[in-house]
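Please look through the sequence and the structure shown below before reading on. The briefing that follows goes from one chain as a whole to single residues, to an interface, and then to pairs of charged side chains.

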Amino acid sequence: MTSLLLLAKISWRNLWRNPRGTLLTALALGLGLALLLISLGLLDGGHEQMVADGVRLGTGHVVIQSKGFQDTGSQELLLPVSAVSAAEDMLLSAAMQPLVRGVSPRLVATGLLSSAANNDGVRIIGVIPRQERTVSLIPQRIVAGSYLNDDKPSGVVIGSELARKLEVKEGSKVVLMTQPVRQPGTEAKTQPEGEMQSTLLRVTGIFTTGLRAVDANVIHLPLPVAQTLLGLPNHQVTQIAVVLGREGDSLAVATALRKRLIGAPVEVLTWRQSMPMLAQILRLDHAFNYIMNGVVLAMVGLGILNTILMRVLERRYEFGVCKALGLRPIQLAIMIVGESLALTTISLALGLLLGLSVQHHFATSGLDLRWIFKPGLNPALVFDPILYSRLSLERIVWSVGIVFVMATVLSFYPALKAARTDLPGALKVL
Amino acid sequence: MVDRVAHLFSSKSSIATLTMQVSDENGPRSLSMKIWSLGDKVLVRINSPQDQAGTAILKIGRDIWYYLPKTNRTVKLPASMTMTSWMGSAFTIDDLVKQSFLTRDYSITTSFEGKRREVAVYEYTLTPKPDAAVVWGKLVLQVRQANLMPAWQGYYDEDGKLVREMTFSDYKNTDGRLVPTRLVMRAADKPNEQTTVVYQDLRFDVPISADTFSLPNLKQ
Amino acid sequence: MSLLLLQLAWRNLWRNPRRTLITMAAIALGYAMLMFVACLMAGLRWQMIENGTRLVLSQIQVHAPGYYPSRSLQKTIGGWKGTDVGGLLAAIAADPRIEAAAPRVYGYGLVNSGHRSAGVELMGVVSDQEPKITALHTRIIKGHYLSDRTPTGVVVGDKLASTIGIQPGSQIVLLTQAADGSMGNDLYTVVGVFHTGLDALDRSLVLMSLSSLQKLLNLTPARIHEVGIKLHDIADATVVAAALQLRLARIPPVRVMAWPELVPELANYIQFNRSITFVLFFIFFLLAVIGIMNTMLMAVFERTRELGMLMALGMRPFQVIGLILAEAAALAAASLILGAAIGAPLLWYLQVHGLDLGGATGEMVSLAGVVVGHLWYGRQDFPAYYEAALGLAATALLSAFYPAWRAAHFRPTEAIRKV
C-alpha cells in the first residue's frame, strides 16, 4: 500500500520535472478536447436551429388539419369546429402545458393581391397575431414596419420579394381578392360558388425570411378578416400549428392528440410528416455532421496518439534508469499509468476550460457566418447566418470520456513496453 | 355637379358596339366587340378579327366565365387572371367588366376650375373611401365646362404618382345622351403604347332579357 | 551548401526513427482524411450542381437583354422580329467546350380538364434536341416523353396530374395570354407524366413542343425566349458564359448567364460547403502545429550538445535555424507523400464506388432546391489537395520556428556542457 502511495507521489513529481514538456502535452490534449467540444457544439447547434427554424417557418412541430389537406392543399378542407375545441382544450390542459410553447389556429387559402403597380398570386394565412407570435418565425423577421396587432384590424404583413414586385412599402394600400369557400353540403354544379370577394388592406409590416418561396408568396392577415373574405360564418380554420419546447416530444404529443380526436375527419401530423422536405434536409445534415464529427475525432485522436507516444518514447532512458535502480516492471508500469492519468486529468481540465468557454461564447453570441455568404442571400437550408452553439451534457461527457479513454489506453501500450525495456538498450540512449 | 359626375358612366342597362385598337411594340391590331350590361351582369362578345370571333366573357357579380370558341370550352376565370390585360390592351379584364361605383367607393371634391391642355374644365379629385377595395391613391377627373363631358381621367397611386390615364373625345349624341365615343388609355410607364376604344353604337336603358346573361348563351 | 543542409536535415530526422515515424504517421493520416473529405464534398457539390441544372434549367442560358428575371412574353431574342434560330444555335455550338444547345419558349397560363383548372408554367422544347441538354425525359413515370409523332402532346408533373385528375391519354385545354394579347387556347393530349421530387416542377410545369407553344402564343417560328446550353465540363460554366457573351454580343443582342446567376441559392450553398472543408483544414493545421512543434522541440533539446558543438565550430545561428526548418520541411514533405499514398486508394474507391449513406439519408433528399441521391461519389479536388499540402508546409515551417529560434540561441559553451 505504501509503495502505491509512494509511486503516486513519484508519478506526480515526475510530471513536473519537465514542466515544459508536460504543459505542452497537456495543452495538446486539452486543445484536442476543446476542438471536439467546439465542433460538436456548433454542428449540433446548427442542426437544432435548422429544426427549430424550419418548423417555425412551416406548420410547427405538430399540426392538426382536415383529413386530406396534406395531399391536396385545397382551401375547402376545414377543421370541424368540435375538433378545434377538443384539440385546443387538450393543448391547454395541465398535462400538455409544460411541453407546449405555442398554439396557433390558421386559415389557409390562395388569392390575388393587387397594388396600383402590379398584382400577384399569394398564399393567404389568416392568424391570431398574439398566438402566431408564439409559433411562427415571421413575426421575428420583420424588416420594415411591424407585425400584425389587434389595433390594426385591416393590416397585412407581406414578404420583401412580394413588396418589391408590387412596389409597395409600409403603409401602402393593397387589395386582396379571393374565391370564397364552398360551404359543405352544396353541390358543385347546381349551386355556383360564392362571389369573389375583395377587401382593402394596408401593409403594416414587411418580412424577410431568406426563403424566396416564402418572401414572394406568403401573407399574414388577421383571422377574422380572412374568414370574412372566404365567407366562413362559423369562424372555421384550416389548421392548428403547435410548437413544442423540445423536438423530441413531437411524436408523443401527436399521438395524444390523435387519440383524443379519434373518429373526427382530421389528420394530426408531426413535422416529419407535414414537412418531409425539411425532414430530408435534416437527415442529410445529420449525415454531414456524422462525417464531420468523425473526421474531427479522428484528427484529435491522431493528435493525442502522436503526443502520448512521443512523450513515452522520449523517456525510455529514464525508464531504463529506474529499472536499473531496482524498480520492478509492474511498479514501473503503474508509475507510468499513474503519470498518464494525472496528465490526462490536467489536460481534460484545461480542455474543458478552453472548450466550454469558447463554446459558451458561441452559445450566447453565436458565430457569424455572414462572411462566407454573398450578402443578401441565405442558403436554402433555412438557418440564421448566426450559428449558435448548443452542447448537451451528454455530448460533453461523451467527449471527455473518449479523450480520456484514448489517452489512457494509448499509454498502456507504451507502459507495457516500457516495463519490458531492456536495460542495455534503454541506457544506450545516452 | 357631384351627382352628375357620379352618374356619367352608369345606367341600368346598356348595349354597346365598339372597336378596340391596341398599339404596342407588337404592332397595331384591332378588335371589334359587343357589350351587354344589366345591373351587375355583363356580357362581352368579340366579333372580329375572324380567329377570335365568338370569344365571350360573362360576368355575374364578381365571377367571370370565359368562352373559347376554338376549343368550345367554358372556363371560370380564377381571381389571379382577372387583373391580366384584356387582349393585350391597357385595360384589364377587371376594367372591362367592372361597374364604376364612383359614389360608393370614392368621395368627390372639386379641386380646380380653369384651363387644362387648352380646354376649360372642372377638375374633380376622387379619393377612395377608407374601406373601399380599390388600389388607387386617388383619381382625377377633368370635365369640360362647355358640354359637361369627361375629358381626362388620371389614376394615381398613393404616392401621388400617375399610373395610367384615359382621354375622352369625339362627343356624340346617341340615344338622347351626349357621350364621348373615343377613349384612349395609356399606362404612364409605357408612353409608346396605348389602347383606343371607339364606340360605333351605344344605347342606354334598353330592355335586355335576363337569360342573355347565362352560360349557355355564352356559346352563341 | 543548401544541398548539404538538406541532406543533413534528412539524416537528422532518421536518427530517431520511431519519433519521426509517429509524427509522420499522424500527419499523413490526417492529410489522407482531409483528402477524403475534400473529395467527398467535391463530389457532393458536383452532384448538386448537376442535379440542379440537369433537369430543366441547363447549365448556361442565353436570353434577350432584359428578359430575366421578369420573363416577359414579348422579350424574345431579337425582339418581336425574332432571330435566325438555326444560325444562333450554330454560332453557339461553335465553342468546343459546349456539348449541345437547344431553343426554348415559355408562357404562363391555365390548364383545364373538365371542371378543374390550375395555373401552370408552359415550356416549349424541341423533342429531339432538349434531351441533349437536360434530363427531364428520364423522369417519365407514366406514358412517354414528347415526340414528333405527337405534336400536340404535353408532359406534366405527377402532382399536377393528380390535382386536376389527368393521365396519359387525357385531353386538356391550355389557356394563356398570347403575344398579341388575344386569349390563346387550344386542345392538347397528355402523353406522359413525370416525377422529379421537386414540388415546383411536379406541380406546375407543362412541357410541350416548341412549335405548338409558339402557335398557342401567336409567336412566329423565329421567336424564342431562350437557348439552353450543356457543357462537356460544368466547371467551365462561368468562363464559357463570359466568352460566349463577348462572341455573340452583336446580332442579336443577348445576355448570357451561367448557372450561379440563375440559381444563386445553389451557388451560395456550394460556397458554404467549400467553407466547411476549410474549417477542417484549419483543425488539421492546428493539430499539425502541435505535433510538429512538439517533435521539433524534442529534437532540438535532445541535441543541445551537438548543436552547441556545431555552433562552437563556426555554424552561424541563421544556419542553425535553417537546419531546423529544413528538418521540419522534410518531415512535412515526407508526411505528405505518405499521406497521399494512403489517401490515393481511398479516393479511388470514393470515385468509383461512392459512399452509400442509404441508411442515414433515406431515398432522395432535396437540398438548396436540388435533389441529391444517397450514394455519394467523390470527385477529385486537386486544388484542395494542393492547398492543404501547401498549408501544411507553411504550418510546419511556422511551428518549427520557435524550436529553431531556441536552438539558435543556445550558448555554445553551456550547450556543450549539457548532459
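Two residues are said to be in contact when they have heavy atoms within 4.5 Å of each other. With that meaning, the contact between chain B and chain C takes 17 residues from chain B and 19 residues from chain C. The model is predicted, and side-chain atom pairs in it count only at pLDDT 80 or more.

**Chain A as a whole**

- Chain A contains 15 helices and twelve strands, and of its 430 residues 55% count as buried.
- When contacts in chain A between residues at least 6 apart in sequence are considered, 80% of them join residues that are at least 24 apart.
- The area that chain A exposes is about 19,100 Å², and carbon and sulfur atoms supply 62% of that area.
- On the surface, L4(A), I330(A) and I334(A) make a nonpolar patch of about 250 Å², and of these residues I330(A) has its place in helix α13, which covers residues 329-364 of chain A.

**Three buried residues of chain A**

- I304(A) belongs to helix α11, residues 276-313 of chain A, and I304(A) counts as buried because its relative accessible area is 2%, where buried means under 20%.
- Not counting residues up to four places away in sequence, I304(A) touches L29(A), V403(A), M406(A), A407(A) and L410(A).
- The C-alpha atom of I304(A) is separated by 48 Å from that of V63(A), a residue 241 places away along the chain.
- S39(A) is part of helix α2, residues 19-56 of chain A, and with a relative accessible area of 12% S39(A) is buried; leaving aside neighbours within four places in sequence, S39(A) is in contact with N293(A) and V296(A).
- Q236(A) is found in a loop of chain A, between α8 (223-229) and β9 (239-244), and Q236(A) counts as buried because its relative accessibility is 12%.
- Apart from residues up to four places away in sequence, Q236(A) touches L78(A), L79(A), V81(A), L107(A) and Q227(A).

**The interface of chain B and chain C**

- The size of an interface is often given as the accessible area lost when the parts come together.
- For chain B and chain C the buried area is about 1,700 Å², and carbon and sulfur atoms give 57% of it.
- Between chain B and chain C the count is one salt bridge, and K70(B) forms a salt bridge with D186(C), with the closest N and O atoms 3.1 Å apart.
- The elements that give two or more residues to the side of chain B touching chain C are β5 (63-68) and β6 (73-76) of chain B.
- Two residue pairs are found in polar contact across the interface of chain B and chain C.

**Salt bridges within the chains**

- Side chains of opposite charge can pair when their charged atoms come close.
- Over all chains, the count comes to 21 salt bridges.
- In chain A, the side chains of R246(A) and D249(A) meet in a salt bridge at 3.3 Å from N to O; R246(A) is exposed, with a relative accessible area of 55%, whereas D249(A) counts as buried at 13% relative accessibility.
- In chain B, E165(B) and R186(B) meet through their side chains in a salt bridge at 3.9 Å from N to O.
- E165(B) lies in strand β11 (residues 162-174) and R186(B) in strand β12 (residues 177-187) of chain B, so this pair ties together parts that are 21 residues apart in sequence.
- E165(B) is buried, with a relative accessible area of 16%, while R186(B) counts as partly exposed at 26% relative accessibility.
- In chain C, K230(C) forms a salt bridge with E99(C), and the closest N and O atoms are 3.5 Å apart.
- That pair links distant parts of the chain, 131 residues apart, with K230(C) in strand β9 (residues 226-231) and E99(C) in strand β2 (residues 98-113) of chain C.
- K230(C) is buried, with a relative accessible area of 17%, and E99(C) is partly exposed, with a relative accessible area of 40%.
- R104(C), E130(C) and E226(C) are joined into one network by salt bridges that share partners.

Methods
Residues are numbered from 1 along each chain as its sequence is written. Chains are lettered from A and ligands numbered from 1 in the order in which they are written. This is a predicted model: local features need pLDDT of at least 70, side-chain atom pairs count only at pLDDT 80 or more; totals for chains, interfaces and linings use all residues. Side-chain values use heavy atoms; hydrogens and water are left out. Helices (H or I, at least four residues) and strands (E, at least two) are DSSP runs, numbered from the N terminus. Buried means under 20% relative accessible area, exposed over 50%, partly exposed in between (1.4 Å probe, protein chains only). Accessible areas come from the Shrake-Rupley method with a 1.4 Å probe; for residues, only the protein chains shown count as cover. Patches are made of residues with over 30% relative accessible area and no salt bridge: like charges are joined within 9 Å, nonpolar side chains (Val, Leu, Ile, Met, Phe, Trp, Tyr) within 5 Å. A salt bridge is a side-chain nitrogen of Lys or Arg within 4 Å of a carboxyl oxygen of Asp or Glu. Buried area is the accessible area (1.4 Å probe) that two parts lose on being put together, summed over both. A polar contact is a pair of N or O atoms within 3.5 Å; within protein, one must be able to donate a hydrogen and the other to accept it, and residues adjacent in sequence count only if both atoms are side-chain atoms.
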